[in-house]
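Here's a quick briefing on a ligand site and one residue elsewhere in the chain. Have a look at the model first, then read on.

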Amino acid sequence: MVTADDIRVAAERIGSMITRTPMRPAPALSALAKGEVWLKCEHLQETGSFKLRGASNAAARLGDVAGVTTASTGNHGRALAHAAKQLNLPAVICVSRLVPQNKLDAITELGAEARVVGASQDEAFKEAIRLKRDEGFALIPPFDHPDVIAGQGTLGLEILDEIPDAASIAIPLSGGGLLAGVALAAKSRRPDLRIVGISMERGAAMAASIAAGHPVEIEELPTLADSLGGGIGLQNRLTFQMTRELMDELVLLNEDEIAEGIRHLSRQSGEFVEGAAAVGAGAIIARKLRATDGPLILILSGRNIDPDRHAAIMRGDT
Ligand SMILES: *Cc1c(COP(=O)(O)O)cnc(C)c1O
C-alpha cells in the first residue's frame, strides 16, 4: 500500500537529493489544446529523468545491504546508480540488449556496473533477483515498489503547489509508477482532477493488461518512446491496480505522433526531450488531448535520447 502521507514524507526525505524542476507555460500547445498548457520540466532533473525521485526515496530507506541492484530500460538504472553513489552504496544495474549505448555509458560513468542480460526487461529482472537471493543486494525495481511510487508522487505535489487549479495531468505511462504516484498525490488534494495516461501503440504492456483485466506479457518492440517499453510483471503487486483505479483516460500514439511531439517541444518551447517525454505534446498535436476543462499539465519525463537520434528526428527521418 502507498498513501498520500507516504508521498509527503518522501518529499522531505529526498528534498536534498533531487532538484525541484521548473514549470513553464507552453503558448503554442495551449493554442492547439484550446486551453492553458503547462510543462513540468522534469527532463531537467539530475540524471535526466524523474526516476531519481523514486530511486532516491527507496535507496535512502535501506538498512545494511551489500549494495543495490535493479533491472531497467535505462533511466531507472541511471537514477539508482546516482542515488547509490550519493549514499556510498555499490550498484549493479541489469539491462536488456534493447537499451541504447548512451544509457549504458551514463550508468558506468556514475561508478556502477551495467550488466547486459537478455532481450527483454523481464530477463534482465531475473539477474537482479539472483543478486538479491545469492549476494545480499537490495533489489529496487523501476516501478512496482511502494517507496518508488511514493518518490515519483512528489512530482504531483510540486505540480499542484505551482498550479493549484490544474484540471488535468497528462502522464507518460509504462509500468505505472509515475502515474500511480502522481495521481495519488494529486487526487488526494483534488479528487476531481483528470489523470490521462499516454503510451505508444507499439508494445504498451499496461494498456494491454488493462484491456485484459490482469497483467499480461506482450512482445517488446523498438519505439521512439523506448523508456515506455518493457513489461509490467505478471506478478505486479501495486501499479496495475493503482493505474486501473486512478487513471481516467488512456491515449495511445503511433511513432509519427511521438516524433511530432519531440519536434514541437524543441522548435516551439526549446526543450530537448526523449520520446517518452514527448507523448503529451504529441497527443495534443494529434488532437487526442485537449485542455478545455482548465489548465492541462504535461510531464516532460526525461531527456535521455542519443543526440544523433534526436537530430535525425528533427530532420524528419525517424
Ligand atoms: C520510466 C519512464 C517513464 C514511465 O514511467 P513508469 O513509472 O514506468 O510508468 C516515462 N518517461 C520516462 C523518461 C521514463 O524514464
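How do the residues of the shell around the ligand divide into nonpolar, polar and charged? The split is six nonpolar, eight polar and two charged, where Ala, Val, Leu, Ile, Met, Phe, Trp, Tyr, Cys and Pro count as nonpolar, Asp, Glu, Lys and Arg as charged, and the others, Gly among them, as polar.

Bear in mind that this is a predicted model, in which local features need pLDDT of at least 70 and side-chain atom pairs pLDDT 80 or more, while totals for chains, interfaces and linings use all residues. Residues are numbered from 1 along each chain as its sequence is written, and side-chain values use heavy atoms, with hydrogens and water left out.

**Around the ligand**
- The ligand is surrounded by 16 residues (a heavy atom within 4 Å), and K51, N75, S174, G176 and S301 are the closest.

**Polar contacts (N or O pairs within 3.5 Å)**
- N75 puts a polar side-chain atom 2.8 Å from a ligand oxygen.
- G177 uses its backbone instead, with an N or O atom 2.9 Å from an oxygen atom of the ligand.
- S301 has a side-chain N or O atom 2.7 Å from a nitrogen atom of the ligand.
- On its own the ligand exposes 380 Å² (Shrake-Rupley, 1.4 Å probe), and the protein buries 98% of that.

**A138**
- A138 is part of strand β6, residues 137-139 (a DSSP E run of at least two).
- A138 counts as buried (under 20% relative accessible area, 1.4 Å probe, protein chains only) because its relative accessibility is 11%.
- T70 is 68 residues from A138 along the chain, with 8.4 Å between their C-alpha atoms.

Terms used. Polar contact = N/O pair within 3.5 Å; in protein donor to acceptor, adjacent residues only side chain to side chain. Helix = DSSP H or I, 4+ residues; strand = E, 2+ residues; numbered from the N terminus. Buried < 20%, exposed > 50% of the residue type's maximum accessible area, 1.4 Å probe, protein only.
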